[in-house]
Amino acid sequence: MYLEELLIEGFKSYVSRTHITGWDPEFNAITGLNGTGKSNILDAICFVLGITNLSQVRASNLQDLIYKRGQAGVSKASVTIVFNNEDRDRSPVGFENYNQITVTRQVLMGGRTKYIVNGHNAQQQTVQNLFQSVQLNINNPHFLIMQGRITKVLNMRPAEILSMVEEAAGTKMFEDRKNKAIITMAKKERKVEEINTLLAEDIAPKLDQLRVEKRVYLDFQKNESEMERLNKYVISYEYHKHEERLNKTSGDNNKRIAKMNEMQESVKVLEREIGKIEEEKQEMEEKMRNSLANGSRINELEKEIRDHATQLVRFKTKKGLIESSITDEQKTLAKLVIQREEMEYSLKEKRSTYSAINGDYKLFKQTYDEKTKEMMQTDELIQTLTTGIAVEEGHENGYMEQLQQAKRMVNEASTLEEQTTMKIAHLKRELAEAEPRAARALKESQGSLIELEKKKTEIKEFEKQLDKLNWNPEAETSLTERRRKGQEMIDELIDRKENLSRKLSNLDFEYSNPHPDFDRSKVKGLVAELFSIDKDYYDSATAIEICAGGKLFNVVVENEKVGAQLLNKGRLRRRWTLIPLNKIQGLKISASKLAAAEKIAPGKAHLALNLIGYDDEVHHAMEWIFGSTFICEDAATAKDVTFNKDIRIKSVTLQGDIYDPHGTLSGGSRPNSGGILIQIQELNAIKTEIKQHQDELDRLDEEIRSSQKVIKKYREYKQKLDLQSHQLSLLEQRMSKSSHAQLATRVQSLKDTIKEQENTLHEARKGKEKSFSDCRRIENEMNEFNNNKDTKLEEMAKHVEELKILLRENASKMKEMQRAVQTYELEIGISYQIHHGMGVFQPYLLL
């Protein structure tokens, strides 16, 4: 490469464009008179070559190079050199295909400069690298040897001559670059150390503090949302309870029954009126047939017929409305009866439990009171016997006081025995008189009793019919509730599906059937939707997405004919790339290369095809896309696998960096698709879940449809049973007010009173025997105490301590039993008041 042409314009003394040609490839000399611009030509060449030491060209700054510093109307200086580049062996790197190389440098007012190489703007470093590649380093101190430097060169020492030779040969340039690179690396390392120090001392503690604050804030938000959710539950529960209490009042039930009876009477009245109208209609038709000769009379009759027909339609409509209202009221009544039965059953269970707990509590309390009384009496006796002073005023001696009290109890028991015996005799005489009268009254009311038994028999028959159906009314409610929850779940999943579908709108492949008989199963779908990623390989989603690239949004079809039909007549909304399965052939990596990759990076390099799941029918497409790429855990593994001479297969790291065996690398920031494969997996999972819930919903619908016949029969029998039960209750109420019922009640009352008096007599005799036993015991203890006073006192004191310990242990148990009894009393009272519609209740009245 050698200089062929030189163009100078506005540079130093060359104000106009000057074109110099005829340069010799080997040697050139510039001659002329002083002041003719010989040196300015050399300065122009150095200016283009990129000289940085302006003193070499006799200038203090770049503006000095412009003709008269720009004061003569010239605003820039431009120098262009045309090099002959026909010798390819000595051409600069990258310019081997150019016969000429044109380099232009311009300097503008203000010192701004620019380079142009072959008509394209270039940087100064690019131009210097171009000239340095052919050993033209203008900034070499020995590139220009000025006047008076020859002697200095001859007197140089060997080290200086070596340095000059290195600079002339161009090797010094690389040493300078190396030194600059070392200095730059040192600066960068210091900067990295400063950044690391800043991270460790300032940013990292601040981040830790922010993480802690974030966790606290998230906990706060979680607690707030939980409190809000629980408050909603509480409000919903209270609302539900009040609504149940409102709906279960017996007042509303009675009103509905009265209203239903009124509507039934109205229906009967309307039916009678309709019957009368039908009779009148028939009479009028008969009269019409008998008087056909009289035309005016016929018109009158026809008018009457029309009026009656209009009235008949009105009455039928009114009847239909009333019947529908009766049906609704009957349904409401059936629901109220069911709720009443449930509440009665719950109340019965609570009363049964209350009776058992209350009995245990009373027995335990009685035992506790007896032990307390025994302990107090024994303690008083000890004090009286020890000090000789009674605990209470008026009691002189312990044993004597107990003996007197026992004798008084004997007298009281004897008196009660005599009184009870007299009462029993009186009650038996009254019972003997009342029973014959009750028998006569029973004979007189035999018809009502037969009707009562008949009603009971009918009720038992309906109950048997209900038992045969073997249907639980709660099952229908359960099925309906399960269906409602299933529908809500499907609606929620559909909302989530639509949200994800909006985010993945570019995956919406829609087309119309090219012809009526088109088989849509031949269109397999988008590649992104045809494979799945196991959750264990979700960290490889980015790498798999990079591996597929643009093919991720291609459409797989069965053959090229289906593709042509879609493109021509499918009415596609935008451009799509189609992959026919019969025209592609995947390149699968050989087993030897797989083994070599496993040997180089055990467990760190996987074939992309092995990380996804897909159907066998799209195997060729998946093999074509993913069959020739490795997924590596890190960059080092990808580098080792890709550039290994036995493998040389493209690899993608988990971060998305691509290593190609041809030497190209791609990477940097992650793709901006936002994890599209993960979103597709979530969308497919939601679709599967929707299908499962829809299948369950269809099964519930089928179960509900199959149960409708049984439900209808159950409701019919239940309605009849409720009606018979109501009639039975009315009959029982009527019979309870009859003379037979009153006499029977009186007889039963006398029998119960006699039984109570007999129990009282039995208890009085037992008390009398116990009092006699206590008298004998006290007398024996008095004798023993007189014979052995100290031993008896010790035994009594020990007995008192044992009783105190036992009472302390039983006190807490008695309190727990008392609280349980009070709780059941309160619950039974509340249930009773709700059941009987008593409105607001006062729990303290029950305690």
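Helices here are DSSP runs of H or I with at least four residues, numbered from the N terminus. In this predicted model, Leu207 is found in one such run, helix α5, which covers residues 171–247. With that term in hand, the rest of the protein can be explored step by step.

The overall picture comes first. The protein has 847 residues, and 30% of them count as buried. Its secondary structure consists of 18 helices and 16 strands. About 55,700 Å² of the protein is exposed, and 51% of this area is supplied by carbon and sulfur atoms. Among contacts between residues at least 6 apart in sequence, 67% join residues at least 24 apart.

Helix α5 makes a friendly place to begin a closer look. Leu207 belongs to a nonpolar patch on the surface, together with Ile195, Leu198, Leu199, Ile203 and Leu210. The accessible area of these residues together is about 470 Å². Leu207 itself has a relative accessible area of 38%, so it is classed as partly exposed. Farther along in the numbering, helix α5 also holds both Glu226 and Arg229, which sit three residues apart, about one turn of the helix. Their side chains meet in a salt bridge, with an N to O distance of 2.3 Å. Glu226 is partly exposed because its relative accessible area is 33%, and Arg229 is likewise partly exposed, at 36% relative accessibility.

That pair introduces a wider set of charged partners. Side chains of opposite charge can pair when their charged atoms come close. The structure holds 20 salt bridges. One of them joins the side chains of Glu417 and Arg765, at 3.1 Å from N to O. Glu417 lies in helix α8 (residues 398–444) and Arg765 in helix α17 (residues 739–787), so this pair ties together parts that are 348 residues apart in sequence. The two partners fall into separate exposure classes: Glu417 counts as buried, at 17% relative accessibility, whereas Arg765 is partly exposed, at 41%.

Another salt bridge links Glu696 with Arg482, whose closest N and O atoms are 3.5 Å apart. Here Glu696 lies in helix α16 (residues 676–736) and Arg482 in helix α10, so parts that are 214 residues apart in sequence are tied together. Glu696 has a relative accessible area of 33% and is partly exposed; Arg482 is also partly exposed, at 38% relative accessibility. Elsewhere, Lys12, Asp43 and Arg58 are linked in a network of salt bridges.

Helix α10 appears again when the charged surface is considered. A negative surface patch is formed by Asp491, Glu492, Asp495, Glu498 and Glu689. The most is given to this patch by helix α10 (residues 473–503), with four residues. Asp491 has its place in helix α10 and counts as partly exposed, at 37% relative accessibility.

Attention can now turn from the surface to buried parts of the protein. In helix α14 (residues 619–626), the buried residues are Ala621, Met622, Glu623, Ile625 and Phe626. What do the buried residues of α14 pack against? Their partners are helix α11 and the strands β8 (531–533), β9, β10 (578–580), β11 (605–607) and β12 (612–614).

Two of these partners, α11 and β9, also frame the position of Asn554. Asn554 is placed in the loop between α11 (541–548) and β9 (555–557). Because its relative accessibility is 9%, under the 20% limit, Asn554 counts as buried. Leaving aside neighbours within four places in sequence, Asn554 is in contact with Gly525, Leu526, Val527, Thr577 and Ile579.

A final example comes from helix α18 (residues 789–835), where Ile828 is found. Ile828 has a relative accessible area of 12% and is therefore buried. Which residues are in contact with Ile828, leaving aside its neighbours within four places in sequence? They are Leu347, Lys350, Arg351 and Tyr354. Ile828 and Lys350 are 478 residues apart along the chain, yet their C-alpha atoms are separated by 6.7 Å.

Key. Residues numbered from 1 in each chain as written. Predicted model: local features only at pLDDT ≥ 70, side-chain atom pairs only at ≥ 80, totals over all residues. Heavy atoms only, no water. Patch = residues over 30% accessible without salt bridge, like charges linked within 9 Å, V, L, I, M, F, W, Y side chains within 5 Å. Areas by Shrake-Rupley, 256 points an atom, 1.4 Å probe, with all protein chains shown as cover. Salt bridge = Lys/Arg side-chain N within 4 Å of Asp/Glu carboxyl O. Lys, Arg positive; Asp, Glu negative; His and termini not counted. Charge placed at Lys NZ, Arg CZ, Asp CG, Glu CD. Helix = DSSP H or I, 4+ residues; strand = E, 2+ residues; numbered from the N terminus. Buried < 20%, exposed > 50% of the residue type's maximum accessible area, 1.4 Å probe, protein only. Contact = heavy atoms within 4.5 Å.
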